[in-house]
Amino acid sequence: MKTIIEPFKIKSVEPIRFTTQEEREEVLRRARYNLFLIHAEDVLIDLLTDSGTAAMSAKQWSGIMEGDESYAGARSFYRFEAAVRKLTGLKNIIPTHQGRAAEKILFSLVGGPGRKIPNNTHFDTTRANVEFSGAEAVDFPTKEGLDPDLRADFKGNMDTTALAAFIEKTGRESIPLCMITVTNNSGGGQPVSMRNIRETAEICRSHGIPLYLDACRFAENPWFIRQWEKGYASKSVEAIVREMFSYADGATMSAKKDAIVNMGGFLALNDDQLALRARNLLIVTEGFPTYGGLAGRDLEAIAQGLEEVVDEHYLHYRVRSVEYLGEKLTSAGVPILQPPGGHAIYLNARKELPHVPPDLYPGQALSVELYRAGGIRSVEIGSVMFGKYDPQGKLVPARMELVRLAIPRRVYTQSHIDYVAEVMIEVHQRRSEIRGYRIVQEAPMLRHFTAHFEQV
Ligand SMILES: Cc1ncc(COP(=O)(O)O)c(C=O)c1O
């Protein structure tokens, strides 16, 4: 059969609220045209993020009731530990309340002034935790990965030639570990090939540098490997996951993505000495090593989610529904980052609104218009988020002006996705009328969360 269906039945539903165009205009005015400041109740389809927004299964909810809330040695911890170890093969499994807590612990221990951390592309919390420790975060995306229009496989790869040259120049002593982010979120949710992971691991190993995976989307990445990479078509997703982790010495994970839960994370690593120090820090910052900032019920839900996420019907539906939205938009002429990634579609606002200059924020204009037209919440990933000011106070724009439509796991059906495409295509047809926005109030850091805008 050609139709790929949602591989689940819906047992419990949550109503979404329809608003009129006038109501949305008022909501936007009140929120100062910043979609982070809108009440979620006023959103019809929320594509702000795929993090922590998933629908849990009946088995996960029943796991919530089964959770062992003992302070030390809870049964739920051992189930969680076994589930993580089965997939990753890593030795020490340390639960944290979310991904950035694992990053904070790791980089507090291995970071610090003078240290450098290479990555295909650091996610912003990873970069922030590296830099907060005093270390430097260095990205090595490939040339293909930086071209939004190029349709190529594995645009999330690490530039291994540049990485090898960097290690030679910097010296092994300043590089406590190297990371690969799968899939490459900041690079458009693009996957990394097994070959690239293997080559990166070989380079690292030859210099004695441990390789860590930022494993938030550790299941979506193998799905692409299975589709695209020679020799993997007949392998099970679990086998591909295990091979991927076999090249790694450790991993950080936000369970809010590919463990299909609303909260949780972990740090996993083979180095016993480093794990000992990580657990000591965990006790100070997160909690005892058998719960680490989570309730027993959360650990149960993660363990169950890790089993469900490697199901091939689930991954087929998941990746296909993102691709389906991408195809609909592309065939209507809407410019998107190509090819569609694993968890999101990125609209190319610079191409869509060429008449809106960077200092009037085309990404912001497009995302506000999507809300105004159809109650859809997206997020600007452009000069509002990453723009900087030069010493004269002039805006230095971001490299790309994107709007991300992140798809929550198991939440929306095909007709929701059809609706999103219809709204976007309607906006596209009158794109020349869309005006830019001026920032009228902003915080010195992470301004996108709280900035106020006015329409030009
Ligand atoms: C690639 C990547 N790494 C790390 C994180 C941080 O995870 P958390 O939000 O759970 O702290 C995220 C979250 O979006 C992510 O996408």
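1. A polar contact here is a pair of N or O atoms within 3.5 Å; within protein, one must be able to donate a hydrogen and the other to accept it. Glu 300 supplies a case. Its side chain and that of Ser 76 are joined by a polar contact of 2.9 Å. Keep in mind throughout that this is a predicted model.

2. Glu 300 sits in helix α11. Is Glu 300 buried or exposed? Its relative accessibility is 5%, so Glu 300 counts as buried. Leaving out residues up to four places away in sequence, Glu 300 touches Gly 63, Glu 66, Gly 67, Ser 76 and Arg 79. Ser 76 thus appears in this list and is also the partner in the 2.9 Å polar contact.

3. Next, the nonpolar interior. The largest nonpolar core has 64 residues. Which of them touch the most other members? They are Phe 218 and Phe 245. Helix α11, residues 296-309, gives this core its largest share, 6 residues. Another core lies apart from this one and has 47 residues. Leu 35, Leu 44, Ala 373 and Ala 421 are among its members.

4. Phe 218 deserves a closer look. Set aside its neighbours within four places in sequence. Its contacts are then Leu 87, Val 182, Val 241, Met 244, Phe 245, Met 253, Asp 258, Leu 306, Val 309 and Val 310. Phe 245 is on that list, so the two residues that touch the most other core members are in contact with each other. Asp 258 is on the list as well.

5. Turn to the ligand. It is surrounded by 14 residues. The closest are Arg 100, Asn 185, Asp 214, Ser 254 and Lys 257. Helix α4, residues 99-110, gives the most to this shell, with 3 residues.

6. Which atoms approach the ligand's oxygen atoms? From Asn 185, a polar side-chain atom lies 2.8 Å from a ligand oxygen. From Arg 217, a polar side-chain atom lies 2.9 Å from a ligand oxygen. Gly 99 uses its backbone instead: an N or O atom there is 2.9 Å from an oxygen of the ligand. How much of the ligand does the protein cover? On its own, the ligand has 390 Å² of accessible area, and the protein covers 96% of that.

7. Thr 96 belongs to strand β2, residues 92-96. Its relative accessibility is 0%, so Thr 96 counts as buried. The Thr 96 side chain reaches the backbone oxygen of Gln 98 at 3.0 Å. Beyond its neighbours within four places in sequence, Thr 96 contacts Ala 101, Ala 102, Ile 105, Gly 264, Gly 265, Phe 266, Leu 282, Glu 286, Gly 292 and Leu 294.

8. Helix α6 spans residues 160-170. Its buried residues are Thr 160, Leu 163, Phe 166, Ile 167 and Thr 170. Why do they line one face of the helix? Seen down the axis of α6, they fall within an arc of 115°, so they share one face. The face turned away from the buried side carries the exposed residues Thr 161, Glu 168 and Lys 169. Cover for the buried residues includes strands β3 (116-119), β4 (136-139) and β5 (178-181), along with helix α7 (194-206).

9. Both ends of α6 can be described. Asp 159 caps the N-terminal end, with a side-chain oxygen 3.3 Å from the backbone nitrogen of Thr 161. After the helix comes Gly 171, whose phi is positive, near 95°.

10. Helix α1, residues 21-30, offers a second example of a helix with a buried side. Its buried residues are Arg 24, Val 27 and Leu 28. Down the axis of α1, these residues fall within an arc of 100°, so they line one face. Glu 22 and Arg 30 are exposed, on the face turned away from the buried side. Helix α14 (362-374) is included in what covers the buried residues. Arg 32 follows α1, with a positive phi near 50°.

11. Last, Arg 195. This residue is in helix α7. Is Arg 195 buried or exposed? At 53% relative accessibility, Arg 195 counts as exposed; the cut-off for that class is over 50%. Arg 195 and Lys 230 are 35 residues apart along the chain, and their C-alpha atoms are separated by 9.9 Å.

Notes: Residues are numbered from 1 along each chain as its sequence is written. This is a predicted model: local features need pLDDT of at least 70, side-chain atom pairs count only at pLDDT 80 or more; totals for chains, interfaces and linings use all residues. Side-chain values use heavy atoms; hydrogens and water are left out. A nonpolar core is a set of buried Ala, Val, Leu, Ile, Met, Phe, Trp, Tyr and Cys residues joined through side-chain atoms within 4.5 Å. Buried means under 20% relative accessible area, exposed over 50%, partly exposed in between (1.4 Å probe, protein chains only). Helices (H or I, at least four residues) and strands (E, at least two) are DSSP runs, numbered from the N terminus. Contact means heavy atoms within 4.5 Å. The arc is that of the directions from the helix axis to the C-beta atoms. A residue is near a molecule or strand if one of its heavy atoms lies within 4 Å of it. Accessible areas come from the Shrake-Rupley method with a 1.4 Å probe; for residues, only the protein chains shown count as cover.
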